[in-house]
Structures are given as C-alpha cells and as structure tokens.
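Trainee: I am new to this structure and would like to learn how its descriptions are justified. Could we go through them one by one?
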Amino acid sequence: MAKLLYVESSPRKERSYSIAVAREFLKAYKGVHPHDSVETLDLWTLELPEFSGDAINAKYKIMHGEPHTAGEAEAWNKVVDVFERFKSADKYLFSIPMWNFGIPYKLKHFIDIINQPGLSFTFSPESGYKGLLSGRSAVVIYSRGGEYLSGPAAAMDFQKTYFERLLGFIGITDVKSIVIEPTLSGPELVKKAKKDAMETACRFAAGF
Ligand SMILES: Cc1cc2nc3c(=O)[nH]c(=O)nc-3n(C[C@H](O)[C@H](O)[C@H](O)COP(=O)(O)O)c2cc1C
C-alpha cells in the first residue's frame, strides 16, 4: 500500500483550475488504487514555522558540522517535523498556480522549510549536491493565466522550470506535468484547456 501526498497551493478552491484538475486526478487515482492512502496538505491552512533567526543558524551549523544551541535545536525540530511529513510519501501530487511568473509564496515558504541539508539533500566537495528523496515519483499540475508553453512568454516561465529543477535537486526525477493554460482567456479556449488537462490527469492517474 503506497502513500500519496497531495500538496495544494491555490487559495481559490472552488474557482481554482489547478485544484479542479487535481481533484479529477485524485478521483481517478482512488479508483485505480483503492487501498493507497491519500493525504492532503493545503498550504493555505497548514501552519508552517517561520524560517528565520534560529532556524537559519541551525541550517548553517548543520552545513558546517557545528552543534545547535537550545533555541536552534527547537527551531530545527519544527523544520524536521514538516520535512518528515513530506518525506513519508511514496508519491506526490502538486497543484500550482503561476503567480508573478513563479509560484505562490505559501509554496515557496513550504520549500524553504523542507529543502534542507541532511534532510532533502547532501553536499560534499568531491561529489557535489545529491538529492535524498530518490525513488519517489510526482505529478505536477501547473495553471497559468497566459501562455508559456510556447511563444514569446516562454522565457518568463519561472513556475514550471523552477519547480521541476527543485524536485530534481531533492532527488525526485520521475516527474510528469500537466499544464492548464491560458486560464485568463476566452471561455472556449479555457473550456478546451480544462478538458485536455482533465483527460491527461485521468491518464496519468491510471499509470501512477
Ligand atoms: C497574485 C497572482 C499573480 C498572478 N500572476 C500571473 C502571471 O505572472 N502570469 C500568468 O499568466 N498568470 C498569472 N496569474 C493568473 C493565474 O496564474 C491564473 O488565474 C491561474 O488560473 C491560477 O491558478 P488557479 O486557478 O488554480 O488558482 C496570477 C494570479 C494571481 C492571483
């Protein structure tokens, strides 16, 4: 029995295109894998620790092999708790809207918590960086108001490009993506984009 973790990063809920596609994916996935467990992390209700002061010192001290103070250890334990929850999954589903050519700040906060030396990656001068979450797979749904898959705006896509690099950095390289765009277009184009994304979601869920 596998565990699928769904990380949701749009606050628009019933109006959200990325969530609509994710819900279609999950419906199909549960049909194919009725015994798998599915956990949802809604980044708009999840309370994340701040990543400042003690937590940052704790991170650098791990990189430099130095001991933590009591305050740093306490801050670091909160980081580890969030990371362990993330790491507990075998498979991931992410739904991500484009915000200002990148990702919503709640997702960036989550990444700043979970992407840590000794947890999600290691570094050595001899072999460089190595992701520690290998063996896991992910499906990522990206929604955006404009068109970035081709055309002049493609160079402005710091959403899909960034997130795929990030997953690769932490060792998750078995990644499939679904793009729904342009969601801020006319109704006919949007309807077709949603239908195509829903179909892809069902297809990916069947083989995930
Ligand atoms: C704060 C904010 C910033 C946005 N920035 C962009 C952008 O840079 N490029 C774009 O094409 N759409 C942008 N959009 C539009 C969203 O990407 C679009 O509405 C998408 O459907 C949002 O995903 P959702 O429907 O799952 O919430 C932005 C929307 C918001 C709320």
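Trainee: Where is Pro-182 found?

Mentor: Pro-182 is found in the loop between strand E7 (174-180) and helix H6 (187-206), where helices (H or I, at least four residues) and strands (E, at least two) are DSSP runs, numbered from the N terminus. The peptide bond from Glu-181 to Pro-182 is cis, with omega near -10°. Please keep in mind that this is a predicted model, in which local features need pLDDT of at least 70 and side-chain atom pairs count only at pLDDT 80 or more, while totals for chains, interfaces and linings use all residues. Residues are numbered from 1 along each chain as its sequence is written.

Trainee: Why is Tyr-105 called exposed?

Mentor: A residue is exposed if 12 or fewer other C-beta atoms lie within 10 Å of its own, buried if there are 20 or more, and partly exposed in between, with C-beta atoms placed from the backbone. Tyr-105 has 12 C-beta neighbours inside 10 Å, and therefore counts as exposed. Tyr-105 lies in helix H4 (residues 105-114), and its C-alpha atom is separated by 9.7 Å from that of Leu-43, 62 residues apart along the chain.

Trainee: How do Asn-100 and Phe-101 count, as exposed or partly exposed?

Mentor: Asn-100 has 10 other C-beta atoms within 10 Å, so Asn-100 is exposed, whereas Phe-101, with 16 C-beta neighbours inside 10 Å, counts as partly exposed. Asn-100 is found in the loop between E3 and H4, and so is Phe-101. Although not a glycine, Asn-100 has a positive phi of about 50°, and Phe-101, also not a glycine, has one of about 70°.

Trainee: Which residues of H4 are buried, and how do you know that they line one face of the helix?

Mentor: The buried residues of H4 are Leu-107, Phe-110, Ile-113 and Ile-114. Seen down the axis of H4, they fall within an arc of 120° (the arc of the directions from the helix axis to the C-beta atoms), so they line one face. In general, an α-helix has 3.6 residues a turn, so residues three or four places apart point the same way. The buried residues of H4 pack against H3 and strand E3 (91-97).

Trainee: What is buried in helix H2, and what is carried on the face turned away?

Mentor: In H2 (residues 53-63), Asp-54, Ala-55, Ala-58 and Lys-59 are buried. Their arc, seen down the axis of H2, is within 140°, so they too line one face of the helix. The face turned away from this buried side carries the exposed residues Gly-53, Tyr-60 and Met-63.

Trainee: Why are H2 and H3 called roughly perpendicular?

Mentor: H2 and H3 pack at an angle of about 90°, with their axes 8 Å apart; axes are lines fitted to C-alpha atoms, for helices over the stretch in contact, and angles run from 0 to 180 degrees between N-to-C directions. Angles under 35 degrees count as roughly parallel, over 145 as roughly antiparallel, 65 to 115 as roughly perpendicular and the rest as oblique, and H2 and H3 are therefore roughly perpendicular to each other. The contact, which requires C-beta atoms placed from the backbone to lie within 7 Å, is made by residues including Ala-55 and Ala-58 of H2 and Ala-75 and Trp-76 of H3.

Conventions: Two residues are in contact if their C-beta atoms, placed from the backbone, lie within 7 Å.
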